[in-house]
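Visitor: Could you take me in for a close look at one part of this chain? I'd like to see the negative surface patch and what it is built from.

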Amino acid sequence: MRRSFVATALLLAALLLASCGGGGGGNDDEEKIADVLTAGLTSTDPKVVCDGTLSSDLIKRIYDTAARCRQIEGKDSSKADAAKAVEVSAVEVDGDRATAFVELKGGEQDGARGELSLVDQDGDWRVSDLSVALLRSEFEAGMRSERELDAAVKE
């Protein structure tokens with residue numbers, strides 16, 4: 001009798017954990033964040049960057065409108081050498097806000113790294129800000145890969 005009670009309790013516990021995903025809701029957000037960062041940082045498609053990666057607030061601060069974002073990013077995409085991969089780590093979710101650390105692999109900004117902030121916008125994670133360290137790192141990586149500038153100018 002005691003053995004069947006223990007077995008039933010274990011089975012019930014396993015079923016409960018399976019039905020709620022094992023209690024790992026944070027991992028779901030981490031995966032979504034990694035997916036949006038990888039798509040946005042490796043794409044040269046202005047729709048992916050403007051409509052699927054950046055928050056409406058960040059678009060307003062940088063481009064004013066989503067249409068202008070697509071126009072500017074579309075012009076840059078023809079000459080861009082995007083990252084081939086993005087390593088996403090140190091994802092921290094706090095309600096509808098999050099931070100993540102990224103390192104770009106390949107492309108003209110190979111090795112650029114730093115933190116960025118995200119916000120949950122209508123159920124989707126979007127980049128809301130870039131750290132100064134990431135922007136500086138992207139600039140330095142871009143300068144290293146620039147082939148048309150004289151070495152003295154790069155220094």
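Guide: Here is a walk from the whole chain to the patch, with a stop at a contrasting spot afterwards. Keep in mind that this is a predicted model. The chain has seven helices and four strands, and from the N terminus on they run α-α-α-α-α-β-β-β-β-α-α. The accessible surface comes to about 10,100 Å², with 52% of that belonging to carbon and sulfur atoms.

Now for your patch. E92, D94, D96, E115, D120 and D122 together form a negative patch on the surface. Two elements, strand 1 (85-94) and strand 3 (113-121), each give two or more residues to the negative patch. Let's pick out D94, which sits in strand 1. Is D94 buried or exposed? D94 counts as exposed because its relative accessible area is 64%, and the cut-off for that label is over 50%.

For contrast, swing over to T53, found in the loop between helix 3 (46-52) and helix 4 (56-62). Being in a loop, is T53 buried or exposed? T53 is buried, because its relative accessibility is just 6% and buried means under 20%. As for its company, skipping neighbours within four places in sequence, T53 makes contact with V36, G40, V48, R126 and V127.

Stepping back to the whole chain, 25% of its 155 residues are buried. Take the contacts between residues at least 6 apart in sequence: 44% of them join residues at least 24 apart.

Methods
Residues are numbered from 1 along each chain as its sequence is written. This is a predicted model: local features need pLDDT of at least 70, side-chain atom pairs count only at pLDDT 80 or more; totals for chains, interfaces and linings use all residues. Side-chain values use heavy atoms; hydrogens and water are left out. Buried means under 20% relative accessible area, exposed over 50%, partly exposed in between (1.4 Å probe, protein chains only). Contact means heavy atoms within 4.5 Å. Accessible areas come from the Shrake-Rupley method with a 1.4 Å probe; for residues, only the protein chains shown count as cover. Patches are made of residues with over 30% relative accessible area and no salt bridge: like charges are joined within 9 Å, nonpolar side chains (Val, Leu, Ile, Met, Phe, Trp, Tyr) within 5 Å. A salt bridge is a side-chain nitrogen of Lys or Arg within 4 Å of a carboxyl oxygen of Asp or Glu. Lys and Arg count as positive and Asp and Glu as negative; His and the chain ends are not counted. The place of a charge is taken as NZ of Lys, CZ of Arg, CG of Asp or CD of Glu.
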